Amino acid sequence: MNRPGLPLICNPGDRVLLFDGECNLCHGLVRFLIRADRQGKILLATVQSEEGQAILRWLALPYRSF
């Protein structure tokens, strides 16, 4: 598969975690990661956000429009 460049919000080597913005369990995990990732190396985005949707499209994974 020939994909165009990364979505504008990503740089090569970025670590992006997509999570369900409507899930309470996911929110708990994200709160833990924010506390644990003291150097801020993990980028977070909900799958419902424009950024999350762009990443899913770029990866050719299922996405839905909101």
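Trainee: Which residues make the nonpolar surface patch?

Mentor: In this predicted model, a nonpolar patch of about 230 Å² on the surface is formed by Ile-34, Ile-42 and Leu-44. Leu-44 belongs to strand E2, which spans residues 42-46.

Trainee: Is Leu-44 buried, partly exposed or exposed, and why?

Mentor: The category follows from relative accessibility: buried is under 20%, exposed is over 50%, and partly exposed lies in between. Leu-44 has a relative accessibility of 33%, so it counts as partly exposed.

Trainee: What is the overall order of elements along the chain, from the N terminus on?

Mentor: The protein has 2 helices and 2 strands, and from the N terminus on they follow the pattern β-α-β-α. Of its 66 residues, 20% count as buried.

Trainee: How many bridges join strand E1 to E2, and do the strands run parallel or antiparallel?

Mentor: On strands in general, side chains in a regular strand alternate between the two faces of the sheet. Here, strand E1 (residues 15-19) is joined to E2 by 5 bridges, and the two run parallel. Two pairs may be located in the structure: Leu-18 stands opposite Ala-45 in E2, and Phe-19 has Thr-46 of E2 as its bridge partner.

Trainee: Through which helix does the chain cross from E1 to E2, and is the crossover right-handed or left-handed?

Mentor: To judge the hand, one views the strands pointing away; a clockwise path from the first strand over the helix to the second is right-handed. In this protein the chain passes from E1 through helix H1 (residues 24-36) to E2, and this β-α-β crossover is right-handed.

Trainee: Where is Gln-48 placed, and is Gln-48 buried or exposed?

Mentor: Gln-48 is in the loop between E2 and helix H2 (50-58). Its relative accessible area is 18%, and Gln-48 is therefore buried, given that buried means under 20%.

Trainee: What lies 2.9 Å from a polar atom of the side chain of Gln-48?

Mentor: The backbone nitrogen of Gly-21 lies at that distance, 2.9 Å, from the Gln-48 side-chain polar atom.

Trainee: What phi does Ala-60 have, and where does Ala-60 lie?

Mentor: The general expectation is that most residues other than glycine have a negative phi. Ala-60, although not a glycine, has a positive phi of about 60 degrees. This residue, Ala-60, lies in the segment after H2. Ala-60 counts as partly exposed because its relative accessibility is 47%.

Key. Residues are numbered from 1 along each chain as its sequence is written. This is a predicted model: local features need pLDDT of at least 70, side-chain atom pairs count only at pLDDT 80 or more; totals for chains, interfaces and linings use all residues. Side-chain values use heavy atoms; hydrogens and water are left out. Patches are made of residues with over 30% relative accessible area and no salt bridge: like charges are joined within 9 Å, nonpolar side chains (Val, Leu, Ile, Met, Phe, Trp, Tyr) within 5 Å. Accessible areas come from the Shrake-Rupley method with a 1.4 Å probe; for residues, only the protein chains shown count as cover. A salt bridge is a side-chain nitrogen of Lys or Arg within 4 Å of a carboxyl oxygen of Asp or Glu. Helices (H or I, at least four residues) and strands (E, at least two) are DSSP runs, numbered from the N terminus. Buried means under 20% relative accessible area, exposed over 50%, partly exposed in between (1.4 Å probe, protein chains only). A polar contact is a pair of N or O atoms within 3.5 Å; within protein, one must be able to donate a hydrogen and the other to accept it, and residues adjacent in sequence count only if both atoms are side-chain atoms. Two strands pair if DSSP finds at least two bridges between them.
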